[in-house]
Amino acid sequence: MAWSAVASAGKTIGKLLTDEAVYLWGVEKQVDRLQSELKWMQSSLLEADVKQHDDERIRLLVAEIRELAYDAEDVIEDFALRIGSKKKAGLSGCIKRSACLLKDGWTLHETRSKIEEIFEKILDLVRRLQVYGVKGLRDGDGSSSFIAKQELRRPYPHIIDQNYVERNDGDIEKLVSKLVEEGTPCMVVSINGIGGLGKTTLAKKLYHHSRVTSHFRHRAFVYVSQQFQTRRVWEDILSGLGNFGENDRKLNNEALASKLSDLLKLEKCLVILDDVWSSEAWDRLKPAFPVARGIHSNSKILLTSRNKEIVSQTDASVYLYELPILNDEESWELFQKIAFPSDSTDKTVDGEIKEFRQDKGKRRADDTVDGEIKELGQDKGRQCADDTVDDKKKKLGQDKGKRRVDDTVDDKKKELGQDEGKQCADDKKKELGKVMVEQCGGLPLAIILLGGILANKSSLDEWQKVSENVKSYLNRSKVQGQGTREVLALSYDDLPAHLRSCFLYLSHFPEDYQIEAERLIQLWVAEGIVSSTEEGDGEWGVAEDVAENYLTELAERCMIQVRDRDVVTSKVETIQMHDLIRDLCLSKAKEENFVFIVDESNAFSLSTIRKVRRVSMHELFETKYIRCPNLRSLSFFNKRYLNELFRLETPSACLEGGPFSGLSCFWYIWAAYISFLKARGFWVHIFINLKLLRVLNYEGRKTYADCKLIGDIGNLIHLRFLSLVGIVFRSTKLPSSLGNLRCLQTLDLQIRVKDIHVPDVIWRMEELRHLYLPYCCDDKTKLRLDTLRKLLTLVNFKTKNCYLKDLSNMTKLRELLIQGPFEIEDFNVEELDNNPPIIRSKYLHTLYIFSERIDIRHLTRLLSSCVSICKLTIRAVISKLPEHLSSNLAYINLERCMLQEDPMPTLEKLPNLRFLKFVRKPFIGKQMCCSAKGFPKLESLSLCGLKKLEQWKVDKGAMPCLQRLEIEYCKILEMLPDELRFITTLQELEIRSMPKEFHDKVVQGGQDSDKVQNSPSYSRTYKRRYTTNSEGKKELYGKLCCRLFKNWCEIIIL
């Protein structure tokens, strides 16, 4: 969006003015003036952005401002980087400047002309924005279209929606209990979720629930919405509670709030505030609610909102319920209610009609036979004495009756065929319906719209037509004047300016793609989405911290779905987007010209586009068709192999002649040469023609590049983010021109190829914040990293290929992964304390050590300098654990350590340890002991792969907070510790790959059954699955979950 573009341009230009003013020699005044104009434009765009949705002219002007901001940033940064690279001290710098004086003069003149051209366009745009009424927009009451939409969305509590499907978690009864229970701290209930999820419908259900109506003396249901008046809401509440008179209109706001507060204190009242949008709105309403101010009250408040941050999640008086999307079964149940409203009734009626028709046909056939016989008898009555005539009568009657019966049977078969055809069509409709419901992503509003569309379409062809383009029908169909797109767009419109660009960036990623939060944050920072005013070492921290807060806020606003969180910090690790939210994101990104998505439907149209700034390749396409010299971001998410673009189809003549014929050999040589040229051209076009690139990100399928990484990559001097993960180049030697990329913030070289040579040029990239070195470098690689003082992440650091002393200069380092042999040079063995500290960063929180073997003295010295780490993973053979570990450690993972001494006496002293994992031969001893009062905060313990462990002793009072215990592949472990029964917090015991005899002791009635039976209120669920290993022995995979239920036990054998 334009605001983000202008903010990014202002940030870059401001940084150049303050940090590298010498590089702007000759254009300082123009640059300073341009920065002032950008600041004004940025503030004005906050107003213009509101109006552009209602005025096409302003939308076009805003788009032009966005392009001008990008141009301004590119022109000034390009000038600074090209001139700055020659203004170096020393003899070489003087020679270089002298040789390029004429060229620099022309560059200066060209830059001034471009800046003046930008000024002229900016002034013209500003004039037009003022003419079209942006000025003074903030003082208005909002657009009429917004107010009309708000009124359309207004709910009325007396209108109950019968199309609500209760979730499997029993949401209605759960929330009713929270509302009616007395003596509990819960006084405020907040229902959260994305738009269209059914929050208002659920609130209405609770409002009319019998237990609620009988418990509360007064109830009020008030619609708040985005634009509201505080006094009006208070008046509506009093009116709903039946305590608002004409005299109350004369009260001032303080008196009105006091009256409502007193009423809520004394009486049992339920107040439902529907559609609260922000914490600021809640703060404005709080003065009238005693429970929100921590004052005892007999009343309770229920909120519905799209934002989880409305109320404090740490407040004990608040119960936060996140309304989940519908699962497949619930979605289908809701769809059937609308698309097949009389399905069961129709089946009953059809059955009765069919039965009636069969009875009627049978009676009609009998009557026909009797009538024919009677008629024949009358005609031949005078000759009835003759027996032959009687026989003929009888035969004739039977023949005619039989023909009538056959006709009736044919009619019944026809009717039955019609019924079967109808049933077949219904079955096909249901098959189509289930496929279409899946595309609704469990969103009730979308399912209701889809069901309403199909309920009015009777033919199978019509259903088939809808199924071919479900989302298009959903966007056109409306409930209360709004469709899914409009309802979800309200959440987008409510986003602050800085969050909109973050949200739009998610459009880069393919459907159902699991997005790594760390990588997304790095991309946001590289693109300049984080404002410079928010970065620093103060309250907000560095740019990554700001971006992390943005991501959390998007999750709190239900714009993204969090898939994984860090077990220690609960920070977001991976996210996904709901399909319909992603459709909204793609639509808005297209409106803003934010990114061009290349797929099968539009790949060839890319060559006709000139002003796109970002391209995301979901399908492979030759880069020569990208003709956008101002492109800033190029990402690859292809599922096909890259070299498929370069292959040539073998002619039939070569196939007929055999693989060793002269023609075939010539063809293979020629094809290999052409393939090489095409592969090289693929990268040459990027490095030569897209010189303004800031992001080059390959996250596609691992593939061979059919060429080496050419030196022309050094032309991308604006590059901030470079990731070549998954690309295997022909040459293992990386070009030294990588040193030209002095603006790089993220460099990912994790290429899974052996013996890669990395030139010693990374020290030039002083802006680096995240460095991922190759997994395996050759012996000639030796990297100097002492200049990387801004580095936050360093992965695959090797003492063989790097200098260990350089780590001490990285004072902002947060995450470090050490790979391969770890050796300390000039290590003083006799006086260990005299060795210098290895790491000086007080921000390091995560340390990984992956090595075959590490000297315990070196490990002790390393860990002694990591005073602030909270996560530690060691995958290396060590004789024992260091005696002194950081007291901040909350997570420890020991893998393949082959410890000879029991590690528990050392680990149990850590006061903040919450997660402990032993994996794959971490300890080769026979006995482990956990003493009393050890592990005071441990929540999860995993014992996996301790093949020699026979006894595990736990003293009473150890691990008082343990919630989860996992035991796997400890083949000779005799039994569970007897003292486990004293750990009342234990919720889950998971047993995998253990002998059947061990598990039998855990099962109800076995030898160890009472050791997990903490109290009569606990129940146990055992799930067992038997598999056969290579030796033919049966092994047990079980899972036991202890939950606070009634005293019963269920055993399930799988």
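**Questions on a predicted model**

Me: Which strand holds T846?
Reply: The model is predicted. In it, T846 belongs to a strand that covers residues 846-853. That strand is β20.

Me: Is T846 buried or exposed?
Reply: The relative accessibility of T846 is 5%. Buried means under 20%. Therefore T846 counts as buried.

Me: Which residues is T846 in contact with, leaving aside neighbours within four places in sequence?
Reply: Next door, the T846 side chain has a polar contact of 2.6 Å with the side chain of H845. Leaving aside neighbours within four places in sequence, the list for T846 is another one. It reads R814, E815, L816, I869 and K871.

Me: In what order do the three strands of the open sheet run?
Reply: The pairing in this sheet is antiparallel. β6 (515-516) and β7 (561-565) are the edge strands, each pairing on one side only. β8 (residues 572-576) is joined to β7 by four bridges. The order is β6-β8-β7.

Me: Which residue in β8 stands opposite R565?
Reply: β7 and β8 run antiparallel. β7 spans 561-565, and β8 spans residues 572-576. Opposite R565 in β8 stands V572.

Me: At what angle do helix α20 and helix α22 pack?
Reply: Helix α20 covers residues 497-505, and helix α22 covers residues 543-556. Their axes are 10 Å apart. α20 is roughly perpendicular to α22 because angles of 65 to 115 degrees count as such. The packing angle is about 85 degrees.

Me: How many residues of the contact of α20 with α22 are nonpolar?
Reply: α20 brings H498, L499, C502 and F503. α22 brings Y550, E553 and L554. One residue of the contact is polar and one is charged. The nonpolar residues number five.

Me: Is A526 buried or exposed?
Reply: A526 lies in helix α21 (residues 517-526). The relative accessible area of A526 is 2%. The cut-off for burial is under 20%, so A526 is buried.

Me: How far apart in space are A526 and V695, C-alpha to C-alpha?
Reply: A526 touches V695, R720, F721 and Q745, not counting residues up to four places away in sequence. In sequence, A526 and V695 are 169 residues apart. In space, C-alpha to C-alpha, the separation is 7.1 Å.

Me: What share of the residues of the chain counts as buried?
Reply: The chain has 28 helices and 31 strands. Among contacts with a separation of 6 or more, 64% join residues 24 or more positions apart. Of the 1054 residues, the buried share is 51%.

Conventions. Residues numbered from 1 in each chain as written. Predicted model: local features only at pLDDT ≥ 70, side-chain atom pairs only at ≥ 80, totals over all residues. Heavy atoms only, no water. Helix = DSSP H or I, 4+ residues; strand = E, 2+ residues; numbered from the N terminus. Buried < 20%, exposed > 50% of the residue type's maximum accessible area, 1.4 Å probe, protein only. Polar contact = N/O pair within 3.5 Å; in protein donor to acceptor, adjacent residues only side chain to side chain. Contact = heavy atoms within 4.5 Å. Pairing = 2+ DSSP bridges. Axes fitted to C-alpha atoms, helices over the stretch in contact; angles between N-to-C directions. Parallel < 35°, antiparallel > 145°, perpendicular 65-115°, else oblique. Nonpolar A, V, L, I, M, F, W, Y, C, P; charged D, E, K, R; others polar.
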